[in-house]
Amino acid sequence: MSDAPALPAPLQEMFARWGPNYRWYVTVTAMMGTISTVLSSTIVNVALPDMMGAFGMGQDKAQLISTGFLAAMTGTMLLNAWLLDSFGQRATFSVTLLLFIAASIMGGLAPAEPVLVLARVLQGAAAGILQPLAMVVIFQVFPPAQRGSAMGIYGIGVVLAPALGPTIGGLMVDNLSWRYVFFLVVPFCAAGVVLATLFMPGRTATGPRRPFDWIGFGLMLAFLFTLLTALSNGQRYGWLSHFVLTDLTLAALTGVGFLWWEVRTEAPMLNLALFRIPSFAGASLVAVVFGAGIYGSTYLVPLFVQTIQGYTPTRSGLVLMPAGLLLTLVFPIAGRLTDRLPAHAMIAVGLAVFAYSAWLMASLDTNTPFWTLAIWIMLGRVGLALIMPSLNAGALRALPTPLLGQGSGAVNFVRQLGGALGTNLLAVVVERRTQLYANTFAISQDTSNPATVDLLRQVLGYTLAEGGLAEGGIAPGFGPESIGMAEGPRLAYALDYLGRMLAAQAGMMGYRDGFLLTALGFMLAIPPTFLMRRRAAAAA
């Protein structure tokens, strides 16, 4: 107990009951909730194609399954401080995990698309409360000199879950059903509820509960809903359509209204004074890009390898597994380095490493070998391992103990906001660039293009060797006389093959642009890290 920081009475009672090892017991308990929520945020990605087929969803609606989760998670993260002050860690953690269990079962049994999306939104709402809570627990029970190491151990669960989750999810999709990816987290959540009754402390705050910021919460939800709705529907309805422009206008008004209200209310949900501390402000800017990178890349990679390279869900998950195994080694080392090196230096190096990984992935094509892609992903995850412990420790190190709850909620809020916006924007960029490339390629496909004519002759030769195909039509401009072949059905097959090749090529180029944009974003995030050089005490 001598090395423990000054603690509220409920935590002192826990240390007295369980001894110095209590800090690890409660950290493992918090990780149960975090692993479950982070696992659910990414494991669904490998099952998206099967869900789309089961319910007849297009890419725009399937996007809601991922972004709905992230948006709900973002919206509830700022509830963390008020819930902890009002009800304590044990009640908040247990009830939220029970909500997560119910939402997971609902998703696994969903009979239709709206129920599935609702289940994901409820999962995200629970996840938004659980993730900041774990950071608060660690900063309360560990002394300052050990917080970086503790964040390193905690970070293994945070990043290992999305790294291994797609592999496990792929196995379930291939061998069972996509519905089982929802049931996977239920045992972890149940174990977390049991452990919370043993190791989570009760309410530590004294005095009456502070009022809840209903107006701020409503404005924030309206901002997130309208903004993400606009981003999700821009491609379908047109970016200049009345529907999308109305949503964007409402998002701007509610976003400004939320900030205006938070400055003036006596009990703000988001304490904007935190951002006056340069180290916290710099960490928050980096957190936005960090969230966009980790969630955006985890969204793009499984879709690329399944839709462009033809991987099965299991194989698409396996390509992420080596990176997850590597993180179990790198994260504890990064945590120890965080206790010894300046946070901004660690973060800058990690951003540069991830940017280089994304730049390498911008050269992906349909023939990129499995292990080449796996190594590029491993390199990027090393960068994330260098960033995360330093980012969390550097952001909260500046804050006094009473502000840890609000600071943890704020930094997680901006990170998840970056994840929700980044995933949406990357999906939009990939789709728009794919359409652009597809139109460009289609224009050049005529009989004056020798490469096109040569390809059609080769395919026609293969079909002739196979003895012909089923009946089909002949496209204008590619008559038998122009190719030198007389078999109409075989020509129709060859034209269909050409169309599929062009679609795959356009998709590949679209994904390349998405990864290139990710690399650029991480490079632009390096300058804000130097705001963290200033001492928080002097800034305050």
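Me: Before we start, what does "buried" mean here?
Reply: Buried means under 20% relative accessible area. Keep in mind that this is a predicted model.

Me: Okay, so why is Met 77 called buried?
Reply: Met 77 has a relative accessibility of 0%. The cut-off is under 20%, so Met 77 counts as buried. You'll find Met 77 in helix H4, residues 59–77.

Me: How far is Met 77 from Asn 412, in sequence and in space?
Reply: Along the sequence they are 335 residues apart, yet their C-alpha atoms are 6.8 Å apart in space.

Me: What makes the contact between Asp 513 and Arg 433 a salt bridge?
Reply: A salt bridge needs a side-chain nitrogen of Lys or Arg within 4 Å of a carboxyl oxygen of Asp or Glu. Here the N to O distance is 2.7 Å, so the pair passes. In general, side chains of opposite charge can pair when their charged atoms come close. A search of the whole structure turns up one salt bridge.

Me: Which parts of the chain does that pair tie together?
Reply: Asp 513 sits in helix H20 (residues 488–524) and Arg 433 in helix H17 (residues 404–443), so the bridge ties together parts that are 80 residues apart in sequence.

Me: How do you know whether Asp 513 is buried or exposed?
Reply: Its relative accessible area is 17%. That is under 20%, so Asp 513 is buried.

Me: And why is Arg 433 called partly exposed?
Reply: Arg 433 comes in at 32%. Partly exposed lies between the 20% and 50% cut-offs, so the label fits Arg 433.

Me: What about Leu 259, what makes that one partly exposed?
Reply: The value for Leu 259 is 42%, and that falls between 20% and 50%. Leu 259 is in helix H11, residues 242–264. The C-alpha atoms of Leu 259 and Leu 272 are separated by 8.2 Å, with the two residues 13 apart along the chain.

Me: What makes Leu 198 eligible for a nonpolar surface patch?
Reply: Patch residues need over 30% relative accessible area, and Leu 198 has 37%, so Leu 198 clears that cut-off. Leu 198 belongs to helix H9, residues 186–199. Together with Trp 18, Trp 24 and Tyr 25, Leu 198 makes a patch of about 360 Å².

Me: How many cavities of 30 Å³ or more are there?
Reply: The count is six. The second largest holds about 80 Å³ of space. Its lining has 13 residues, and among those closest to the centre are Ser 297, Phe 354 and Arg 381.

Me: Which helix gives the largest share of the lining of that second largest cavity?
Reply: H15 does, with four residues. Elements giving two or more residues include helix H12 (278–307) and helix H16 (370–396). By type, the lining divides into seven nonpolar, five polar and one charged.

Note on methods
Residues numbered from 1 in each chain as written. Predicted model: local features only at pLDDT ≥ 70, side-chain atom pairs only at ≥ 80, totals over all residues. Heavy atoms only, no water. Buried < 20%, exposed > 50% of the residue type's maximum accessible area, 1.4 Å probe, protein only. 1 Å grid on protein atoms, 1.4 Å probe; cavity = no way out; pocket = protein on both sides within 12 Å on 5 of 7 lines; lining within 4 Å. Points joined across faces, edges and corners; volume = space filled by probe spheres on them. Nonpolar A, V, L, I, M, F, W, Y, C, P; charged D, E, K, R; others polar. Patch = residues over 30% accessible without salt bridge, like charges linked within 9 Å, V, L, I, M, F, W, Y side chains within 5 Å. Areas by Shrake-Rupley, 256 points an atom, 1.4 Å probe, with all protein chains shown as cover.
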